[in-house]
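I opened a fresh page for this one and went through the model element by element. Here are my entries, in the order I looked things up.

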Amino acid sequence: MGIINVTPDSFSDGGLYASTESALRHAAHLIEEGADLLDIGGESTRPGGTPVSVQEELHRIIPVVKALSSMNTPVSVDTSKPEVMRAAIEAGAIMINDVNALRAPGALEVIAEGGVAVCLMHMQGDPLSMQANPQYNDVVAEVKDFLRQRLNAAEAAGIPCERLVIDPGFGFGKTLSHNIELLRHLDQFMDMGVPVLVGLSRKSMLGKITGNEVGDRIHASVAAALLARAKGARILRVHDVKATRDALAVYDAVSMV
Ligand code: 7PJ
């Protein structure tokens with residue numbers, strides 16, 4: 001899963017047109033590099049990110065979702081807002097990636113009716129405050145319990161398990177040691193009956209481990225992606241598609257029986 005952030009280009013009078021154009025150019029690049037799926041985000045759900053309105057989020061992402069879907073590119077939309085989910089599904093998205101795990105009122109219903117896949121991610125707290133003081137007694141057990149509850153809620157709302165994906169949510173209300181603990185024991189999430197998606201790409205935990213700034217975390221990201229793959233992750237949410245693809249090709253060649 002390649003990451004596409006759609007953000008307004010403040011240096012251009014082109015505004016929406018410029019941000020759509022640059023998102024589509026980046027999308028073409030990631031497909032060329034071997035992405036199977038593109039995750040389109042309007043930047044409302046990132047840790048510490050500024051919340052944006054429904055209108056603004058729609059404005060940013062819908063033209064991109066429409067353009068990619070019309071070219072048969074599989075698109076996922078990173079949003080927690082039911083209104084945005086509904087519009088994204090209408091525009092052709094095949095998956096909703098919700099860091100809030102469909103906890104917003106109405107979100108479960110939109111997905112049940114929309115017939116799309118959904119990623120349910122764990123987050124402790126909310127994006128603005130979650131890194132202040134994350135606490136767990138047993139991070140793996142608590143994250144699994146939360147995801148089990150959200151899977152149950154999704155199935156109760158009529159979303160079949162074939163459309164569900166889970167994600168432990170690296171960096172979302174977790175310290176470095178929580179993140180390391182989760183990655184070390186990622187294999188324990190493989191008994192939950194649905195595929196596991198993992199997002200580690202360029203994250204601050206990799207910065208803390210290597211001492212590298214965000215622009216210099218490709219190698220660490222590839223190592224993390226490979227570890228996640230080796231422990232059973234099925235979808236890797238990454239910025240650097242070719243680097244990850246190459247590493248996975250080596251892994252698969254050796255691990256294949
Ligand atoms: C994740 C995400 C993640 C899922 C972001 C970033 C922060 N969605 N959206 N999993 N992270 N499912 O990419 O650094 O880990 S935004």
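Before I start on the sheet, one term: two strands pair if DSSP finds at least two bridges between them. I also keep in mind that this is a predicted model.

**Entry 1: the E5 and E6 pair**

I began with strand E5, residues 117–121, and found four bridges that join E5 to E6. The two strands run parallel. For a landmark in this pair I noted Leu-120, which stands opposite Ile-166 in E6. I then followed the chain from E5 to E6 and saw that it crosses through helix H5, residues 139–156. This β-α-β crossover is right-handed.

Which residues of E6 are buried on each side? I listed Leu-164 and Ile-166 on one side, and Val-165 and Asp-167 on the other. Both faces of E6 are therefore covered, since each of these four residues falls under the 20% relative accessible area that buried means here. A reminder I wrote in the margin: in a regular strand the side chains alternate between the two faces of the sheet.

**Entry 2: the whole sheet**

Next I stepped back to the full sheet. It is open, has six strands in the order E1-E2-E3-E4-E5-E6, and its pairing is parallel. Its edge strands are E1 (2–5) and E6 (164–167), each of which pairs on one side only. I looked up the twist as well: neighbouring strands of this sheet are turned by 25° against each other on average, direction ignored.

I checked one more pair inside the sheet. Strand E3 (residues 75–78) is joined to strand E4 (residues 95–98) by three bridges, and the two run parallel. Here Ser-76 stands opposite Met-95 in E4.

Just ahead of E3 I stopped at Pro-74, which sits in the loop between helix H2 (54–70) and E3. With a relative accessible area of 31%, Pro-74 is partly exposed. I also took a distance: the C-alpha atoms of Pro-74 and Ala-35 are separated by 9.6 Å, with the two positions 39 residues apart along the chain.

**Entry 3: salt bridges**

How many salt bridges does the count give? It comes to 10, and I looked up some of them.

Arg-237 caught my eye. Arg-237 forms a salt bridge with Asp-39, and the closest N and O atoms are 2.9 Å apart. This pair links distant parts of the chain, with Arg-237 in strand E8 (residues 235–237) and Asp-39 in strand E2 (residues 38–41), 198 residues apart. Is this pair buried or exposed? Arg-237 counts as buried at 15% relative accessibility, and Asp-39 counts as buried at 1%.

Arg-237 also forms a salt bridge with Asp-78, where the closest N and O atoms are 3.3 Å apart. Because Arg-237 lies in E8 and Asp-78 in E3, this pair ties together parts that are 159 residues apart in sequence. Asp-78 is buried, as is Arg-237. I drew the three residues as one unit in my sketch: Asp-39, Asp-78 and Arg-237 are linked in a network of salt bridges.

For another setting I turned to helix H6 (residues 176–184). Arg-184 forms a salt bridge with Glu-181, with the closest N and O atoms 3.4 Å apart. The two are three residues apart in H6, so about one helical turn separates them. Arg-184 is partly exposed at 47% relative accessibility, and Glu-181 is partly exposed at 29%.

**Entry 4: empty space**

I finished with cavities and pockets. A search of the whole structure finds one cavity of 30 Å³ or more, and about 40 Å³ of space lies in the largest cavity. Its lining includes Val-198, Ser-221, Leu-236 and, once again, Arg-237. Strand E7 (197–199), helix H8 (218–230) and E8 are the elements that give two or more residues to this lining.

The second largest pocket has a volume of about 390 Å³. Of the 18 residues that line this pocket, Met-1, Asp-36, Leu-236, Arg-245 and Leu-248 lie nearest its centre. Elements giving two or more residues to the lining are E8 and helix H9 (241–255). H9 provides the largest share, six residues.

Key. Residues are numbered from 1 along each chain as its sequence is written. This is a predicted model: local features need pLDDT of at least 70, side-chain atom pairs count only at pLDDT 80 or more; totals for chains, interfaces and linings use all residues. Side-chain values use heavy atoms; hydrogens and water are left out. Axes are lines fitted to C-alpha atoms, for helices over the stretch in contact, and angles run from 0 to 180 degrees between N-to-C directions. Buried means under 20% relative accessible area, exposed over 50%, partly exposed in between (1.4 Å probe, protein chains only). A crossover is right-handed if, with the strands pointing away from the viewer, the path from the first strand over the helix to the second runs clockwise. A salt bridge is a side-chain nitrogen of Lys or Arg within 4 Å of a carboxyl oxygen of Asp or Glu. On a 1 Å grid over the protein atoms alone, a cavity is a set of points where a 1.4 Å probe fits but cannot get out, and a pocket is an open set with protein on both sides within 12 Å along at least five of seven lines; lining residues have an atom within 4 Å of a point. Grid points are joined across faces, edges and corners, and a volume is the space filled by probe spheres set on the points.
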